[in-house]
Structure formats: C-alpha cells, structure tokens
Amino acid sequence: MPSSIPINQTTHPTNAPTTPITLALVGAPNCGKTATFNVLTGSKAKVANYSGVTVDKRSALLLGHTDVHILDLPGTYSLKTASLDEEVTRKVLFGQMLGESIPDGIIFVADATNLRMSLRMLLELKSLGLPIIVALNLSDVAQSRGLVVDESILSDELGVPFVKTVAIKRKGCEQLFTLADELIKHIGSRDKPVCFLVVF
C-alpha cells in the first residue's frame, strides 16, 4: 500500500509520538473486529467497565509499542445510536464519555461482504475529522461470493488507506501493522485537540 495515501487529513511531516496515543477500533457486530483486536494486541486485553454503564471496556497495547493503546469499542452500525453499546461508542468518539478522552485516531474494520453499510459508516467516521485507516475484513468471504473489491480504488476515492484482511487467519496483518505505524507517525505531527462540528 503506498505510503503517500492520505489518512483523512492534510499531509504533514511525520514525527515519532512523544505522548501516549489511543487508537479506537470501530466496526459493526460480526465484522471480525475482535479478531482484528487480537491480531493487533496479541489478545492481552485489559477489561473494565465504562463509567456509569455495564458495557465492557477492552483495551491493550499495540504490539511493538509501549505508548499506543488500542481501544476496542462496542460494535455499531452507525453513529446515529440505537442501543446502549452503540451509545457508548458514539460518546467515546465524540469525547462525551465520562473519564474518556477523544481517541487520537481510528482503525475502522469494514465488512467486505457488506460494502454499502461499511462505506456509509466510514463516511460518518470521516466527518469526525480524526485520522483513519481501514481494515477491509472478511475479504475471503467476499471473494467466495463473487464480489470484486479493489482497495486501491476505494483508497483513492475516499481519501483513506484500505488494506484487505482476513483477521481470523491473520492474512493482511503485516500490511495493517504498516498502516498503523504510518497512522501513529501522522498523529504525532497533528495539532490537538480535535473540535467536532458535526452533530448526528
């Protein structure tokens, strides 16, 4: 995957991060998000509860990093929330969850077998203004169903990097780690904080 693809932001010179970074892992239920979390972190999750609710909070360090946390947010189909789990995800991404800071970036796990739903969710996430990379998961299932998905075209059209993955089989994981490293470098060069102007 070319490193010149933008990560939903204007290009800046990259610098190593000097402060802890949190990357939110976002995706719909049953898209392989948990398998992707296990690939990125080695399954060493810390499980707690979000303040005031019984929804589990799962986080762990990104493999190879001592200051980059992966926050596995509850599965959601949209930022227009319906369930308690989806409300937690929305509040965390908007910086409205008590005790939680706005994530520094997003790893979006898209379902390659349901691109219409996934791309709609991606557009909602892009509107937040946070840097994003996309793991196009279940790509093997999509292929078996005769679906042709060109991640290069998607990257060019939507302005964020895509990589095909089969997380449960660990396929595409090396490329995903490469994109994650680029995302981290990009975040280290950004001005903070993000100010949200979009209300759903």
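**Group meeting talk: helices, strands and a few odd corners**

Okay, let's start with one glycine: just after helix α2, Gly95 takes a positive phi of about 70°. Before I go on, please keep in mind that what we're looking at is a predicted model.

Let me give you the layout. The chain has six helices and seven strands. If you walk from the N terminus, the elements run β-α-β-β-β-α-β-α-β-α-α-β-α. How much of the chain is buried? Buried residues make up 46% of the 200 residues. And if you take the contacts in the chain with a separation of 6 or more, 70% of them are between residues 24 or more positions apart.

Now, strand β1. Is β1 mostly enclosed or mostly open? Six of its seven residues are buried, so β1 is largely enclosed by the rest of the structure. Let's look at its partners. With β4, strand β1 pairs in the parallel sense, over five bridges. Leu25, for instance, has Asp72 in β4 as its bridge partner. Then there's β5: five bridges join it to β1, and these two run parallel as well. Here you can pick out Leu23, whose bridge partner in β5 is Gly105.

Stay in β1 for a moment and find Ala24, which lies in that strand. Why does Ala24 count as buried? Its relative accessibility is 1%, and the cut-off for buried is under 20%, so Ala24 falls on the buried side. And what does Ala24 touch, leaving out residues up to four places away in sequence? The answer is Leu71, Leu73, Leu93, Pro103, Gly105, Ile106 and Ile107. Take Ile107 from that list: Ala24 and Ile107 are 83 residues apart along the chain, yet their C-alpha atoms are separated by 6.1 Å.

Back to α2, where we came in. This helix covers residues 84-93, and its buried residues are Glu86, Val88, Thr89, Arg90, Val92 and Leu93. Here's a handy bit of background: an α-helix has 3.6 residues a turn, so residues three or four places apart point the same way. What covers the buried residues of α2? The cover includes β1 (21-27), β4 (68-72), β5 (105-111) and α3 (115-126). There's also a nice side-chain detail: Arg90 lies over the face of Phe94, at 4.7 Å from the ring centre. As for aromatic rings pairing with one another, the count comes to zero.

Next up is α1, residues 33-41. Its buried residues are Lys33, Thr36, Phe37, Val39, Leu40 and Thr41. Among the elements covering them are β1, β3 (56-61), β4, β5, β6 (132-137) and α6. Just after α1 you'll meet another glycine with a positive phi, Gly42, at about 75°.

Let's pull α6 out of that list, residues 173-188. How do you describe two packed helices? You give the angle between their axes and the distance between the axes. For α1 and α6, the angle is about 70° and the axes are 11 Å apart. That makes α1 roughly perpendicular to α6. Where they meet, Thr36, Val39 and Leu40 come from α1, and Cys173, Leu176 and Phe177 come from α6.

So far the positive phi values have been on glycines, but look at Asn30. It has a positive phi of about 65° although it is not a glycine. Where is Asn30? You'll find Asn30 in the loop between β1 and α1. At 72% relative accessibility, Asn30 counts as exposed. Leu138 is another one: a positive phi of about 65°, and again not a glycine. Leu138 lies in the loop between β6 and α4 (139-144). With a relative accessible area of 22%, Leu138 is partly exposed.

One last stop: Glu124, in helix α3. Buried or exposed? Glu124 has 10% relative accessibility, so it counts as buried. The C-alpha atoms of Glu124 and Leu79 are separated by 6.9 Å, with their positions 45 residues apart along the chain.

That's my tour. If you only turn the model to one place afterwards, try β1, with β4 and β5 as its parallel partners. Thanks, everyone!

Definitions and conventions. Residues are numbered from 1 along each chain as its sequence is written. This is a predicted model: local features need pLDDT of at least 70, side-chain atom pairs count only at pLDDT 80 or more; totals for chains, interfaces and linings use all residues. Side-chain values use heavy atoms; hydrogens and water are left out. Buried means under 20% relative accessible area, exposed over 50%, partly exposed in between (1.4 Å probe, protein chains only). Helices (H or I, at least four residues) and strands (E, at least two) are DSSP runs, numbered from the N terminus. Contact means heavy atoms within 4.5 Å. Rings of Phe, Tyr and Trp (its six-membered ring) pair if their centres lie within 6.5 Å; planes under 30 degrees apart count as stacked, over 60 as edge-to-face and the rest as tilted. A charge sits over a ring if NZ of Lys or CZ of Arg is within 6 Å of the ring centre and within 35 degrees of the ring normal. Two strands pair if DSSP finds at least two bridges between them. Axes are lines fitted to C-alpha atoms, for helices over the stretch in contact, and angles run from 0 to 180 degrees between N-to-C directions. Angles under 35 degrees count as roughly parallel, over 145 as roughly antiparallel, 65 to 115 as roughly perpendicular and the rest as oblique.
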